[in-house]
Amino acid sequence: MSRDDVPERRNGVQWPMLIGLTVVWVLLWGGVNVANVLSGLVVAVIVTLVFPLPPIVFSGRLRARGLAVLLGWFVVELFVASVQVAGQALRIGRPPLNAVIEVDLRSRSDLYLTLTAELLSLVPGSLVVEARRSTSTLFLHVLGVRDEADVEEARRRALRQEERVMRALASDEELAAYLSEGVGR
């Protein structure tokens, strides 16, 4: 599915959004009672009518093995990056070098772009500072960059994250199109 196939913003009831916003409202108020649920539902309706979002198109499927690999590697990267960032913070002397790098993703799906960006931002030492939907490009701020080899490694790490997202969630057609563009370029 291309971006041209994505429906425009729509008005009306978006049940998943209403339920999600109501749950967030109830959590913010710290208790489940009729007043909190009803007021949360009213706020959710107002928010979705005033600020309608395009629906998220998910034509993929969950793959248990791909999801396990995605979560496993995320935990490993989270641990390793936490140790590296702690080491940089505790090191006396010159401050760690950093860079903003451009990463051109191969997927054209807003959902996979967003998931990849979120997973990259959750790992200490990297932060998505801009995402260009039109070109599926992420701009990452990365700590601990000493030379061009470190920049390329950070770019490869981001592309591997995108590949794991695709292998965990993409439909057969989306995954085939993604893989036809060449993994690991």
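This report describes the fold of one chain, its three-stranded sheet and the helices beside that sheet.

The model is a predicted one, in which local features need pLDDT of at least 70 and side-chain atom pairs count only at pLDDT 80 or more, while totals for chains, interfaces and linings use all residues. Residues are numbered from 1 along each chain as its sequence is written, and side-chain values use heavy atoms, with hydrogens and water left out.

**Overall composition**

The chain holds 6 helices and 3 strands, where helices (H or I, at least four residues) and strands (E, at least two) are DSSP runs numbered from the N terminus. Read from the N terminus, the order of elements is α-α-α-β-α-β-β-α-α. Of the 185 residues, 33% are buried, a term that stands for under 20% relative accessible area, with exposed being over 50% and partly exposed in between (1.4 Å probe, protein chains only). Taking contacts (heavy atoms within 4.5 Å) between residues at least 6 apart in sequence, 72% join residues at least 24 apart.

**The sheet**

The 3 strands form an open antiparallel sheet in the order 1-3-2, with strand 1 and strand 2 as the edge strands, each pairing on one side only; the twist averages 20° from one strand to the next. Two strands count as paired if DSSP finds at least two bridges between them, and the pairings are listed here.

| Pair | Sense | Bridges |
|---|---|---|
| Strand 1 (residues 98-104) and strand 3 | antiparallel | 7 bridges |
| Strand 2 (residues 126-132) and strand 3 | antiparallel | 6 bridges |

Within these pairings, I101 stands opposite L140 of strand 3, whereas A131 has L138 as its bridge partner in that strand and S126 has V142. Helix 5 packs on the sheet, where this helix touches strand 1 and strand 3, and its direction makes about 45° with that of strand 1 (axes are lines fitted to C-alpha atoms, for helices over the stretch in contact, and angles run from 0 to 180 degrees between N-to-C directions). Strand 2 and strand 3 form a hairpin with 4 residues between them, and S136 in the turn has a positive phi of about 50°. Strand 3 is mostly covered, since 5 of its 7 residues are buried.

**Helix 3**

Because the expected span is 1.5 Å times one less than the number of residues, the 27 residues of helix 3 (residues 64-90) should span 39 Å, which agrees with the 39 Å between its end C-alpha atoms. In helix 3, G66, L70, F74, E77, A81 and Q88 are buried, and their cover includes helix 4 (110-122), strand 3 (137-143) and helix 5 (148-169).
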